[in-house]
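Q: I'm new to this one. Can you put it up and walk me through it?
A: Sure, here it is.

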Amino acid sequence: MPRKRPFSAKQKKKQLQDKRERKRGLPDGVRSSSNSRSGSHERREDHTDTSDSESLSLQVRKLNQQPAVRRLGDRSYDPNRYRLHFERESREELERRKKVAQEKILEPVPESEKELDIQDVYRSGSVLDFPKRPPWSYQMSKEQLLVREEKCFRDYLEGIYSTYQPSQLSYFEHNLETWRQLWRVLEMSDIILLITDVRHPVINFSPALYDFVTKEMRKNLILVLNKIDLAPPALVVAWKHYFQTRFPQVHVVCFTSYPQQSQDPSTVFKKRRKRRKGRSTAMGPEQLLHACETITAGKVDLSSWKEKIERDAASAHLPAEDSDEEEDDDEGAAVLVEHQTDVAMDVGVPSQELYKDGVLTVGCVGFPNVGKSSLMNGLVGHKVVSVSRTPGHTKYFQTYFLTPTVRLCDCPGLIFPSLVHRELQILSGIYPISQIQEPYNAVGYLAGRIPIQALLKLRHPNAEEGKPETRWCAWDICEAWAEKRGYKTAKAARNDVYRAANSILRLAVDGRLCLCLRPPGYSTQKAMWEHHPETAEIAALQEAHRKHSRRSSEEEEEEEEEEISSSGEEEDEEKDRDADEEEEEEEEPAASSGGGSSAPAQAPPRRVLKGKLSSRNLFALLGEDEC
Ligand SMILES: Nc1nc2c(ncn2[C@@H]2O[C@H](COP(=O)(O)OP(=O)(O)OP(=O)(O)O)[C@@H](O)[C@H]2O)c(=O)[nH]1
C-alpha cells in the first residue's frame with residue numbers, strides 16, 4: 001500500500017472548499033461567494049476594473065450585478081446573492097500609490113487633523129443617501145415589485161455616480177439584497193439601535209438614516225457608542241454630546257460588550273488565550289433598558305428585561321462554578337428563540353402597529369464590524385450570534401427573544417455611501433483586509449496619527465549601528481515589522497511587506513494599535529471634557545467592570561495556562577480566517593493595550609472558542625519580548 005503523504009490543515013481546508021463547490025455544481029476553481037460576503041478568494045472575481053473606458057453607467061451596472069429574480073419555490077443556489085462588490089483599481093494607480101508609500105516621509109499630523117465632522121463625511125441632504133424601498137400596492141405581483149426595487153436601486157446608484165467620481169467616494173454597499181435586509185429590519189422594529197464604533201462614530205452614523213427613521217417612519221432611534229473600552233472616557237463623553245447637539249432626537253447610550261482591565265500602554269501584545277464558556281458582563285445594558293423605558297413610556301412591560309439584568313448582575317458576582325450553574329438554569333427560563341430567517345424579499349405590508357402583541361422589537365443596524373452581534377450577545381449574557389473580526393460576517397437578519405416581551409433583531413452590516421477617506425475607511429474596519437490591494441498608505445495614515453514605530457518597537461531597515469534613523473516612510477514601517485515578525489516571501493525569502501502591512505492593519509482594526517477620531521474642537525476643549533461629571537461616571541463604571549474582570553481572570557488563571565498559543569500560529573490562523581469566511585470562527589477582544597496618543601487604555605481583541613463569552617480579560621498575541 002502506498003504511504004500516505006502528510007496533509008496540512010490548509011490543504012485539508014482547500015479540499016473541503018472544493019468539495020463544497022462541487023456539491024453546489026460549480027466547476028473546480030470557480031469559487032462561489034454565497035454566504036461569504038468577504039472571502040479573499042473572491043478578490044479577483046469581485047473587483048471591477050474602473051480604469052478602462054467603460055461608461056460610468058456600465059460600470060455601475062457591473063458593480064450592481066444583482067441576483068436574478070428567483071421564481072417562487074425555486075430554491076436553487078444563487079451565486080451572486082451576498083456577494084461584496086469592489087471597484088478594482090488600475091495597475092498604474094496601484095503602482096503610483098505604492099511609490100508614495102515608499103517615498104513619502106511621514107510626519108505626525110497636527111492634533112486638529114484627528115478631528116472629524118459629520119458634515120465632511122456625509123454632506124447632509126446630498127445624494128449621499130441610502131436606497132429606500134419604493135412604494136408598492138397589493139395589485140403588484142412579487143416579481144413586479146422586485147423589478148421596481150431593482151430599477152429604483154439603479155437610479156439611486158446612478159444619482160450618486162453622476163454627482164461624484166468613484167475616486168471621491170468611499171466604498172459602499174452595492175448589493176441590493178443587503179439593503180433589503182435593512183428595509184425589513186426597519187419595518188419590523190419599534191426602536192432602531194444604530195450601533196457605531198466610538199473610535200469613529202461619525203463614519204458609522206448616516207444622517208440620511210436618522211432622518212428617515214425619525215421623520216418619515218416616526219420611530220425612535222438610539223445611537224449606541226459601542227466599544228467604549230477602546231476610548232478614553234473624556235472622548236466618549238465628548239462624542240455623546242456632539243451627537244445630542246446635532247441630532248436632538250437621538251437617545252445616546254454608551255456600551256461595551258467587553259469591559260476590560262487596564263494594561264500597560266507600552267505593551268501592544270500579550271499572549272492570546274482561548275476561553276471557556278462563561279457569562280459576559282457587558283457594560284451598558286441598564287442604560288439601554290432605561291432609554292427603551294423612556295421611549296415606550298409604559299406601553300410595553302419591560303419588567304422581565306429589568307429582572308434579567310438584575311439576575312445577570314447578581315450571577316456575575318458569584319464564583320465561576322456557581323455562575324455556570326446559574327447560567328444553565330437561566331437558559332431554561334429565558335425565552336431565547338432563534339428565527340434565522342431569509343425573508344427580506346417577501347412582500348408584506350410594513351406593520352404600522354408599534355409593540356405588536358405586547359412585544360418590543362429592537363433592531364440592531366449599523367456598519368459592518370461595529371459590534372452589532374457582540375452587543376446582542378452582551379445583552380443576552382452569552383453567545384447567541386456568531387462574531388467575527390472580518391466585516392460582513394452577518395449575512396441576513398436574525399431575531400432573538402431576549403425576554404418574552406423584548407425581541408432583538410440583528411441586521412447585516414451596511415456601508416452607507418460617504419466621502420470618508422479610503423485609508424480611514426480601511427482603518428475603521430469596514431473593508432475586509434484580505435481584499436485590500438494597496439495596504440501601505442493606510443499604514444502611513446495610521447503612523448501619522450499614532451506612534452506605530454514606538455508601539456511596535458521597530459528598528460528602521462536602514463538604521464546603522466549607533467545611528468538611529470528617524471525618517472520613516474510607510475514602506476519602512478511595514479518592512480521593519482516584517483523583519484521583526486519574520487514574514488518572508490515564499491520564493492525569494494525577502495521581507496513580506498504586504499503581509500506585514502496587513503498585519504498592522506488588523507492590529508489597528510482590533511484596537512491593539514488604536515486610533516480614535518475626535519469631534520471638532522476636542523483638542524482645544526480636552527480639559528473641559530476630562531473634568532466633565534459624566535467622564536468620572538464612565539471611568540468609575542469601567543473601573544468597576546475591570547475589577548470584576550480581573551477577579552474572574554485570576555480565578556481561572558491556572559487552568560487556562562496551557563491554552564496559550566504560539567504567536568506564529570496565531571498570525572497564520574488570522575490570515576486563514578480572513579481568507580475563508582466560511583469557516584465560522586468567533587472572537588472577542590480582551591484587555592487593554594497601548595493605544596497610541598489618543599487612547600491611553602486600549603483593549604486587544606481575542607478570539608474565543610465556540611462557546612459562551614467569559615467575563616475574564618485574557619488577551620492578545622504576544623509577550624512584549626516577542627514583538
Ligand atoms: N474592544 C471591543 N471589541 C468589540 C466590542 N464589540 C465587538 N468587538 C469586536 O469587533 C469585531 C466585530 O464584532 P461583531 O459583533 O461581529 O460586529 P458586527 O457589527 O456584528 O459585524 P458584521 O457581522 O460585519 O456586521 C469582533 O472582532 C469583536 O470581537 C467591544 O465592545 N469592544
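Q: What helices and strands does the protein have?
A: The protein has 22 helices and 13 strands. Helices (H or I, at least four residues) and strands (E, at least two) are DSSP runs, numbered from the N terminus.

Q: Anything to know before reading on?
A: This is a predicted model: local features need pLDDT of at least 70, side-chain atom pairs count only at pLDDT 80 or more, and totals for chains, interfaces and linings use all residues. Residues are numbered from 1 along each chain as its sequence is written, and side-chain values use heavy atoms, with hydrogens and water left out.

Q: How many residues count as buried?
A: 59% of the 627 residues. Buried means under 20% relative accessible area, exposed over 50%, and partly exposed in between (1.4 Å probe, protein chains only).

Q: And what about the surface?
A: About 26,700 Å² is exposed, and carbon and sulfur atoms supply 50% of it. These areas come from the Shrake-Rupley method with a 1.4 Å probe; for residues, only the protein chains shown count as cover.

Q: What share of the contacts comes from residues 24 or more positions apart?
A: 78% of the contacts with a separation of 6 or more. Contact means heavy atoms within 4.5 Å.

Q: Let's switch to strands. Which one pairs with strand 8?
A: Strand 9, residues 406-410. The two run antiparallel, over 5 bridges. Two strands pair if DSSP finds at least two bridges between them. Thr399 has Cys409 of strand 9 as its bridge partner.

Q: How many residues sit between strand 8 and strand 9?
A: There are 2, and the strands form a hairpin.

Q: Why is strand 8 described as largely enclosed?
A: Because 6 of its 6 residues, 398-403, are buried.

Q: Now helices. What's helix 19 like?
A: Helix 19 covers residues 497-510, 14 in number. Its first and last C-alpha atoms are 20 Å apart, close to the 20 Å expected at 1.5 Å a residue. The expected span is 1.5 Å times one less than the number of residues. Of the 14 residues, 13 are buried, so helix 19 is largely enclosed by the rest of the structure. Gly511, just after helix 19, has a positive phi of about 95 degrees.

Q: And how many residues of helix 18 are buried?
A: 9 of its 12. Among them are Trp475, Asp476, Trp481 and Arg485. Just after helix 18 comes Gly486, with a positive phi of about 75 degrees.

Q: Is Leu225 buried or exposed?
A: Leu225 counts as buried, at 0% relative accessibility. Leu225 lies in strand 4, residues 220-226. Leaving out residues up to four places away in sequence, Leu225 touches several others, including Val198, Trp239 and Phe255. Val236 is also touched; the C-alpha atoms of Leu225 and Val236 are 7.7 Å apart, with their positions 11 residues apart in sequence counted as separation.

Q: Last topic: how much space lies in the largest pocket?
A: About 880 Å³. On a 1 Å grid over the protein atoms alone, a pocket is an open set of points where a 1.4 Å probe fits, with protein on both sides within 12 Å along at least five of seven lines; lining residues have an atom within 4 Å of a point.

Q: Which residues lie nearest its centre?
A: Arg97, His421, Arg422, Glu423 and Asn441, out of 35 lining residues. Helix 4 supplies the largest share of the lining, 5 residues.

Key. Grid points are joined across faces, edges and corners, and a volume is the space filled by probe spheres set on the points.
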